[in-house]
Amino acid sequence: MDTRAKKRAAAEAALRYVEDDMVLGIGTGSTVDEFIGALGASRLRLRGAVASSNATSARLKAAGIPELDLNSAGDLPLYVDGADQATPQGALIKGGGGALTREKIVAAASVRFVCIIDDGKLVDVLGAFPLPIEVIPMARSYVARRVVALGGEPVWRQDVVTDNGNVILDVHNLRIEDPVELEARIDAIAGVVTVGLFARRGADELLIAGDDGVRRITTATP
Ligand code: 5RP
């Protein structure tokens, strides 16, 4: 099975968590695009969805799914999103698509986070995928120096401006043994908006698509 087919399989498996009349939080990326497509093709009728990016807003609109504002939606029962890497404990690297800040907000406001990935993204130790950090533009060089002091090699994602008007540093050469601790350390650097480590609030369930079907790992007490 190719990667696209695995993404679709993981996305379709997430439909079983969705109920009629729900308000869903929805992430960003090609796996999530498969999920939105599957939702649109299903008989499920959502009350609405909160999008984690402008790209996802456009996809929801095309699928005929009403979009709600998080400020009026309140806490959400379910957030579905992809990831760039995941550990079996539910810690994630996210932000390859640049939407990490709104993704982290919607994940935080959700009771349950179901993460849909293909099996190539499941790792024991995070860090081979460069860790994205969204940064206030004037702090770019300062944050980069602080990240070097932590042992990383930051690379400015040039020509990318996030939905929030900020820039992204992708940090290479990290071996993240303690994701909760590193998330807190990077969060504490002035000028950092969001680090793409989702460890303090990681995924509650991983749906991992491989050649033999979709495997589920529950990382939290449901
Ligand atoms: C976007 C993300 C995505 O979830 C992540 O990049 C995975 O994307 P894809 O499903 O296209 O592989 O964090 O900011």
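Q: In this predicted model, which strand holds Leu206?
A: We're working from a predicted model here. The stretch to look at runs over residues 205-210, and Leu206 has its place in it. That stretch is strand E12.

Q: Is Leu206 buried or exposed?
A: Buried means under 20% relative accessible area. Leu206 comes out at 0% relative accessibility, so it counts as buried.

Q: Which residues is Leu206 in contact with, leaving aside its neighbours within four places in sequence?
A: Start with Ala86, Thr87, Pro88 and Leu92, which are among the contacts of Leu206. Cys115 and Leu122 are on the list as well. The rest of the set is Arg215, Arg216 and Ile217.

Q: What distance separates the C-alpha atoms of Leu206 and Arg145?
A: Along the chain, Leu206 and Arg145 are 61 residues apart. In space, their C-alpha atoms are separated by 34 Å.

Q: What is the strand order in the open sheet of six strands?
A: E12, the strand of Leu206, belongs to this sheet, and the pairing is mixed. The twist averages 20° from one strand to the next. Reading across, the order is E2-E1-E3-E6-E12-E13.

Q: Which strands stand at the edges of that six-stranded sheet?
A: An edge strand here has a single partner strand, so one side of it is left without a neighbour in the sheet. Reading the order E2-E1-E3-E6-E12-E13 from its two ends, the edge strands are E2 and E13 (213-218).

Q: How many bridges join E1 to E2?
A: E1 covers residues 23-26 and runs parallel to E2. One pairing to look at in the structure is Gly25, which stands opposite Val50 in E2. The number of bridges joining E1 to E2 is four.

Q: Which residues of E2 point the other way from Gly48 and Val50?
A: In a regular strand the side chains alternate between the two faces of the sheet. E2 spans residues 48-51, with Gly48 and Val50 pointing one way, and all its residues are buried. Pointing the other way are Ala49 and Ala51.

Q: In E3, which residue is the bridge partner of Gly25?
A: E1 and E3 pair in the parallel sense over three bridges. E3 is mostly covered, with five of its six residues buried. The partner of Gly25 in E3 is Tyr79.

Q: In E6, which residue is the bridge partner of Tyr79?
A: E3 (residues 76-81) and E6 (residues 110-118) run parallel and are joined by five bridges. Leu78 has Arg112 as its bridge partner in E6. For Tyr79, the partner is Phe113.

Q: At what angle does H3 run to E2?
A: Helix H3 takes in residues 54-63. H3 lies across E1 and E2, and its angle to E2 is about 160°.

Q: Are H2 and H3 roughly parallel or roughly antiparallel to each other?
A: The axes of H2 and H3 come within 9 Å and cross at roughly 20°. The crossing is right-handed, and the contact has Asp33, Ile36 and Gly40 in H2 meeting Thr56, Arg59, Leu60 and Ala63 in H3. By class that contact has three nonpolar, two polar and two charged residues. Angles under 35 degrees count as roughly parallel, and H2 and H3 are therefore roughly parallel.

Q: How many charged residues are in the contact of H1 with H2?
A: H1 (residues 3-13) and H2 (residues 30-41) pack at about 50°, with axes 8 Å apart, and that makes H1 oblique to H2. Arg4, Lys7, Arg8, Ala11 and Glu12 in H1 meet Ser30, Thr31, Glu34, Phe35 and Ala38 in H2. Three residues in this contact are nonpolar and two polar, and the charged ones number five.

Q: Which strands stand at the edges of the open sheet of four strands?
A: This antiparallel sheet has the order E8-E9-E7-E10. Each edge strand has a single partner strand, so one side of it is left without a neighbour in the sheet. The edge strands are E8 (153-156) and E10 (192-195).

Q: What angle does the direction of H5 make with that of E10?
A: E7 (residues 131-135) pairs with E10 over three bridges in the antiparallel sense, and Val135 stands opposite Val192 in E10. H5 (residues 100-108) packs on this sheet, touching E7, E9 (167-172) and E10. The angle between the directions of H5 and E10 is about 70°.

Note on methods
Residues are numbered from 1 along each chain as its sequence is written. This is a predicted model: local features need pLDDT of at least 70, side-chain atom pairs count only at pLDDT 80 or more; totals for chains, interfaces and linings use all residues. Side-chain values use heavy atoms; hydrogens and water are left out. Axes are lines fitted to C-alpha atoms, for helices over the stretch in contact, and angles run from 0 to 180 degrees between N-to-C directions. Angles under 35 degrees count as roughly parallel, over 145 as roughly antiparallel, 65 to 115 as roughly perpendicular and the rest as oblique. Contact means heavy atoms within 4.5 Å. Ala, Val, Leu, Ile, Met, Phe, Trp, Tyr, Cys and Pro count as nonpolar, Asp, Glu, Lys and Arg as charged, and the others, Gly among them, as polar. Buried means under 20% relative accessible area, exposed over 50%, partly exposed in between (1.4 Å probe, protein chains only). Two strands pair if DSSP finds at least two bridges between them. A crossing is left-handed if the near helix is turned anticlockwise from the far one by less than a right angle, and right-handed if clockwise.
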